[in-house]
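Let's take a stroll through this model, one local feature at a time. Helix packing, charge pairs and a few odd backbone spots are on the menu.

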Amino acid sequence: KGQLQDRQGCRITMIKGNMYAKSLGDLGDFNKSQSLFVTSMTIFHLNEFEISMNSLVKSKWLKMARSCSLHSVDFLFRNLCNIELLQALLGQKYGYFPLPYQITAFNFSIIRTFLLANQKPIELLDQWYKEDTNTVPPIYILQPISSYLVNYNNMEAKAEIQAQDLAAWSNIYQQIQELLCHVILILIIYMCVCMSGSLGIEQEITGGILDVDKTVVNDSSLCMIRTFANVESISNDAAIMAYFDIDQEKQEIDERANRLLCHLRDHKLTEKLNQQQILQFTIDWRPDGINPHQCQPHRDYLQQYCLAFYKNVKGMIDKVMINVTESIIDRNPLYQEILHHLHFCLKQNRLFYGRQQELTIIQDYLQHAASKPIPSSSHKYKNTPLVVLGPSGCGKTSFIAKSVEWASKNLTTADIIVRFLGHTADSLSVIKTLTSLCQQIGQLYDQPSTGIPKHYSKLVIYFLRLLALANRRKPLILFLDGLDELPCSHKDDYHLSWLPKQLPPYVAMVISIKDDHDHHNRLKALKNAFPLDSCYIELKAMTIDAASQIIDDWLYLQSRTLTPQQRQLLSSAILRCSLPLFIRLLFNQIVQWHSYQSISQQELANDIPTAIHKLFDRFENKHGKVLFSRTASYIASSRYGLTVNELLDLLSCDALVMEEIHQYQPNQSN
């Protein structure tokens, strides 16, 4: 019926309304699986728009969810990195102006020189910003508050002791901010400092709107601006402080914050967004702020505000869903299954390094299987599957992914099927895997999709019969990674009776399995079925030089390096274990090291289990022990995993999690 070709040459062919992967091409950008979520992010100041957001959630939340449900998707209304819709709610408050988290060494040097020339004290700047030469080029990093004020975030400390540290940081923050404000005279440098580490509302708007291509922003962004009229007096009361930036000493609007807000609102956003994307609202000011309970105009404003938000976001949702293919192709479960494994293959292929000798063996096997109907008696391959062996963490999955890439580029006439067993619901058991494979092979060789047996023994016979359809014009190559992931619930699973002892002509099969004590029975059955040594490729630990080179390459890609002392610690760790998974876990740890840190040998793991435990320790330190441990427990306890919404629902109903969160966000306890 036709042929669809993506940007990277992945050919997806439609035959009789069914889709299958004709060729992997060069593993480029495959068509994305249909998303189950419309992700939306709304940027606003909590105190300034609390009443508006509460009214919006109460009156329009259900309608927003229903609008998405018509497209068979969920609506995620929170801060996510990968967003599709973004709304910015602006008023007359620029908000908290955070200190920059990092400053380039070049800019820091000029700032420091400028302050010294103007006889300004720089001791605090030197104390709180430390140079990190592990970053290329070097940067200065703002130190954690608790590194000097240990009780600032210590909820177990006495209230008066914590209050002292809170007051001390407030004073330090104001002094450093005043120093940096002097640099505003050098506008270019100031903007570089501001943009390099700001976490305020302008930085979020910059990342979500201003730095995004205009063609994308036009269909996915909305800016709603509220302005108060008749503001006659300025004071330090809580109401006006929630809606305006106030200079408490001068008892007037903060001139610097107001200038930044006006530049963002009246220039940057108007230049980026169309006029239809910017909605203006003007209401009269009251001494108690927005009060819909006692002021009818304010009540009317909230209704108009919520209705405008709903209509515009609903319109953006409809536009997003128009771009999602609604054909039978996208809704075909087999098509989704194939795409999932291809995307995973692409991801794993990016992590592959080395193994050239082993790759040569598998390439030789695939070439002979695809071109020779029956190998000669002298050839080492006897029409049997090729088995990749190795301990957990040796890189079998990445090795399989690299082999898939090579086959797709060099064996262009062959049909290639890949399954990473255990990664999808249709690859969790032998029967489900065989059924999925039979469906895809049937589409490849124009067989009817109905009639696939459900009984195990009949399904095995049907699978073997389909393999025989391969021919010289259309060889068939199957990659099955993680044979050990299939549960051993059936009595024949240990004997692996579903695996063909002899492959039909023009068929190649590559499987991988763990070589460890936990899978001894299955591995023994596998070697009994395929006794020839030539049927196996063993992946061992990497050489020390190769592991070191890989880490250096990864550091280079991240614009990072290490100090000589840190490199010695790294070399010692690699000597103890050089399995690829350990190397990856080790890199994830050392890439976060700073040159000014003192690292001990005890901080590095000796093996993969210890490295995983240390990874979990870092997660606990970053996100909180209760939050991380409960999140990991829920995911591990679920049989088929959890969606984002399900996980958030579980965490929200967990009293221990909410208690920990409320310690740091007491104003959210309701």
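Helices here are DSSP runs of H or I with at least four residues, strands are runs of E with at least two, and both are numbered from the N terminus. This is a predicted model, so local features need pLDDT of at least 70 and side-chain atom pairs count only at pLDDT 80 or more, while totals for chains, interfaces and linings use all residues. Residues are numbered from 1 along each chain as its sequence is written, and side-chain values use heavy atoms, with hydrogens and water left out.

With that settled, look at the backbone. Most residues other than glycine have a negative phi, and most peptide bonds are trans. Ser559, in the loop between α17 and α18, has a positive phi of about 55 degrees despite not being a glycine. Ser559 is partly exposed at 35% relative accessibility; that label covers what falls between buried (under 20% relative accessible area) and exposed (over 50%), using a 1.4 Å probe and protein chains only. Tyr506 is another non-glycine with a positive phi, about 65 degrees. Tyr506 sits in the loop between β16 (476–481) and β17 (507–514) and counts as buried at 13% relative accessibility. Then there's the cis peptide bond between Val136 and Pro137, with omega about -5 degrees. Pro137 belongs to the loop between β8 (129–132) and β9 (139–142).

On to the charges. Side chains of opposite charge can pair when their charged atoms come close. The structure holds 10 salt bridges, each one a side-chain nitrogen of Lys or Arg within 4 Å of a carboxyl oxygen of Asp or Glu. Here are some of them:

| Salt bridge | N to O distance |
|---|---|
| Asp288 and Arg286 | 3.0 Å |
| Lys402 and Glu405 | 3.0 Å |
| Asp552 and Arg567 | 2.9 Å |

The pair of Asp552 and Arg567 links distant parts of the chain: Asp552 is in helix α17 (residues 544–557) and Arg567 in helix α18 (residues 564–576), 15 residues apart. Asp552 is partly exposed at 30%, and Arg567 is partly exposed at 31%.

Lys402 and Glu405 tell another story: they're 3 residues apart in helix α13 (residues 396–410), which means about one helical turn separates them. Lys402 is partly exposed at 25% relative accessibility, whereas Glu405 is buried at 12%. Add Lys409 and you get a salt-bridge network of Lys402, Glu405 and Lys409. As for Asp288 and Arg286, Asp288 is partly exposed at 34% and Arg286 is partly exposed at 23%.

Now for the helix pairs. How do α6 and α9 pack? Helix α6 (residues 201–210) meets helix α9 (residues 255–272) at about 15 degrees, their axes 11 Å apart. Axes are lines fitted to C-alpha atoms, for helices over the stretch in contact, and angles run from 0 to 180 degrees between N-to-C directions. So α6 and α9 are roughly parallel, a label for angles under 35 degrees (over 145 is roughly antiparallel, 65 to 115 roughly perpendicular, the rest oblique).

Helix α19 (residues 580–590) packs against helix α20 (residues 608–623) at about 30 degrees, with axes 10 Å apart, so α19 and α20 are roughly parallel to each other.
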